[in-house]
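Here is a short briefing to keep beside you while you look at the model. It goes topic by topic, so feel free to jump around.

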Amino acid sequence: MSHHHPHARPTLPVAGEDHARLTIDLSALADNWRTMARRSGAARTAAVLKADAYGIGLEPAAKTFHHAGARDFFVATPAEGAALRALLPDVRIYVLSGMWAGSERLFFEFDLVPVIVSEEQLVVFMAAIAEGGDLPCVLHVDTGMSRLGLRVEDALALAEDAARPASFAPIMLLSHLACADDPAHPLNRQQLQRFRSVVKAFDDIDATLANSAGIFLGEDYHFTLTRPGIALYGGAAVNGVPNPMKPVVTAEARILQVREAKAGESVSYGASAVLARDTRIAVAAIGYADGYMRSLSGSGVPLRTAGISGASGVLHGHAVPLIGRVTMDLSHFDVTDLPPGSVRAGDFIELFGRAMPIEDVARAGGTIDYELLTSLGRRYERRYETAKK
Ligand SMILES: *Cc1c(COP(=O)(O)O)cnc(C)c1O
């Protein structure tokens with residue numbers, strides 16, 4: 001029994017007290033970076049750290065990659081770059097969203113490399129270096145995604161523009177693949193050819209094209225630097241092939257109650273799950289407020305009306321399906337087929353990770369592992385496992 005001491009200072013929950021936990025395996029993270037570096041052949045290998053390192057935590061991820069040998073890092077925004085600079089003083093940090101008017105100061109103060117994404121940003125950048133002095137930049141060329149980057153013809157014109165100020169010398173060209181997760185897609189080769197034509201026009205310049213999936217497309221796609229993200233975090237970069245990466249994140253939730261319900265009774269909001277048999281239900285302390293999305297529900301959400309089943313968790317080595325709707329803080333799993341008495345309140349159920357591939361759970365929710373990882377809420381206890389000694 002614990003006792004309430006009226007004069008003791010209350011402390012926040014500590015390890016083991018909270019409702020859900022994330023275990024983040026930093027040695028798997030380092031191994032995954034080394035695997036991608038090996039697959040990148042002669043090219044240098046960066047690490048993409050945007051969105052708090054895909055949800056796992058910027059600081060432990062940045063330090064782990066740096067220790068493994070990474071010296072080039074990509075973030076989405078200058079604020080992310082500034083946070084990273086405080087952790088790693090001696091690396092190159094590229095900001096994928098580039099430099100917009102009003103953000104110039106951050107690039108100089110935190111030594112960030114803007115990835116220029118438009119003609120408009122080019123103007124902002126030119127004005128910034130005219131005033132603030134030398135600053136390297138990367139030029140993003142759109143080769144088939146219509147998201148960010150100069151059009152190929154504009155990039156070619158820029159390369160050939162004799163009037164281009166001598167001070168404007170991008171240190172690298174960048175483009176991004178739209179369909180690299182589908183190796184047979186014809187757009188991959190088209191993007192490669194367009195990118196090559198621009199790289200050639202700029203004459204002897206560094207270049208980067210491949211994200212995680214792009215690295216798997218082979219040497220042609222590697223250029224000078226590769227930019228893996230999801231594969232480092234254990235995600236499945238390429239569709240339709242076994243995922244070669246080690247799982248990094250394991251999410252688990254506490255079972256709050258194990259209860260019996262009778263055939264014909266219903267479970268959760270909307271009564272969408274009507275039980276076909278007497279059922280033992282484990283109620284887990286996890287919900288959509290934790291990023292365990294409502295679309296993962298066993299029934300009662302539009303994606304599920306086609307008869308597609310929802311996600312499953314793993315309890316004591318057995319896969320157990322979600323039943324009914326996922327709610328804000330709670331989800332229900334059918335544990336009828338487990339040995340009686342084997343599931344108890346207080347046990348943890350794995351939602352995804354070592355025993356349940358994250359990409360399978362994401363697919364059951366109509367999404368991708370990227371979204372599942374970057375949506376994980378703030379309520380988890382986070383445990384970082386470092387290299388085994
Ligand atoms: C997010 C991102 C990456 C990393 O992509 P993954 O598919 O996670 O490997 C690389 N390049 C750009 C431009 C990105 O936005």
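The notes below cover an annotated lysine, a pocket and two backbone angles.

This is a predicted model, so please read every value as computed from it. A good place to start is Lys50, where UniProt, in an unreviewed entry, places the feature "modified residue: N6-(pyridoxal phosphate)lysine". From there you can move on to the largest pocket, which has a volume of about 860 Å³.

**The annotated lysine**

- Lys50 belongs to helix H2, which covers residues 50-54.
- Lys50 counts as partly exposed because its relative accessibility is 29%, and partly exposed is the class between the 20% and 50% cut-offs.
- Apart from neighbours within four places in sequence, Lys50 is in contact with Phe74, Val75, Ala76, Glu80 and Leu96.

**The largest pocket**

- The volume of the largest pocket is about 860 Å³.
- There are 42 lining residues, and those closest to the centre of the pocket are His176, Asn211, Ile230, Ile368 and Tyr370.
- Two or more lining residues come from each of H2, helix H9 (212-216), helix H10 (358-364) and helix H11 (369-374).
- With four residues, H11 gives the most to this lining.
- Sorted by class, the lining has 24 nonpolar, 10 polar and eight charged residues.
- Domain 1 (40-233) and domain 2 (249-385) each supply at least three residues to the lining.

**Two backbone angles to look at**

- As background, most residues other than glycine have a negative phi.
- Ala53 is not a glycine, yet its phi is positive, at about 55 degrees.
- Helix H2 is where you will find Ala53.
- Ala53 counts as buried because its relative accessible area is 0%, and buried means under 20%.
- Phe223, another residue other than glycine, also has a positive phi, near 50 degrees.
- To find Phe223, look in the loop between H9 and strand E11 (225-226).
- Is Phe223 buried or partly exposed? Phe223 is partly exposed, because its relative accessible area is 25% and the buried class is for values under 20%.

**Helix H2, pulled together**

- Helix H2 holds Lys50, the position of the UniProt annotation.
- Helix H2 also holds Ala53, with its positive phi of about 55 degrees.
- H2 is also among the elements that give two or more residues to the lining of the largest pocket.

Notes. Residues are numbered from 1 along each chain as its sequence is written. This is a predicted model: local features need pLDDT of at least 70, side-chain atom pairs count only at pLDDT 80 or more; totals for chains, interfaces and linings use all residues. Side-chain values use heavy atoms; hydrogens and water are left out. UniProt positions are given in the numbering used here, feature names are shortened, and annotations may be inferred rather than shown by experiment. Buried means under 20% relative accessible area, exposed over 50%, partly exposed in between (1.4 Å probe, protein chains only). Contact means heavy atoms within 4.5 Å. On a 1 Å grid over the protein atoms alone, a cavity is a set of points where a 1.4 Å probe fits but cannot get out, and a pocket is an open set with protein on both sides within 12 Å along at least five of seven lines; lining residues have an atom within 4 Å of a point. Grid points are joined across faces, edges and corners, and a volume is the space filled by probe spheres set on the points. Ala, Val, Leu, Ile, Met, Phe, Trp, Tyr, Cys and Pro count as nonpolar, Asp, Glu, Lys and Arg as charged, and the others, Gly among them, as polar. Domain bounds come from an automatic or database domain assignment.
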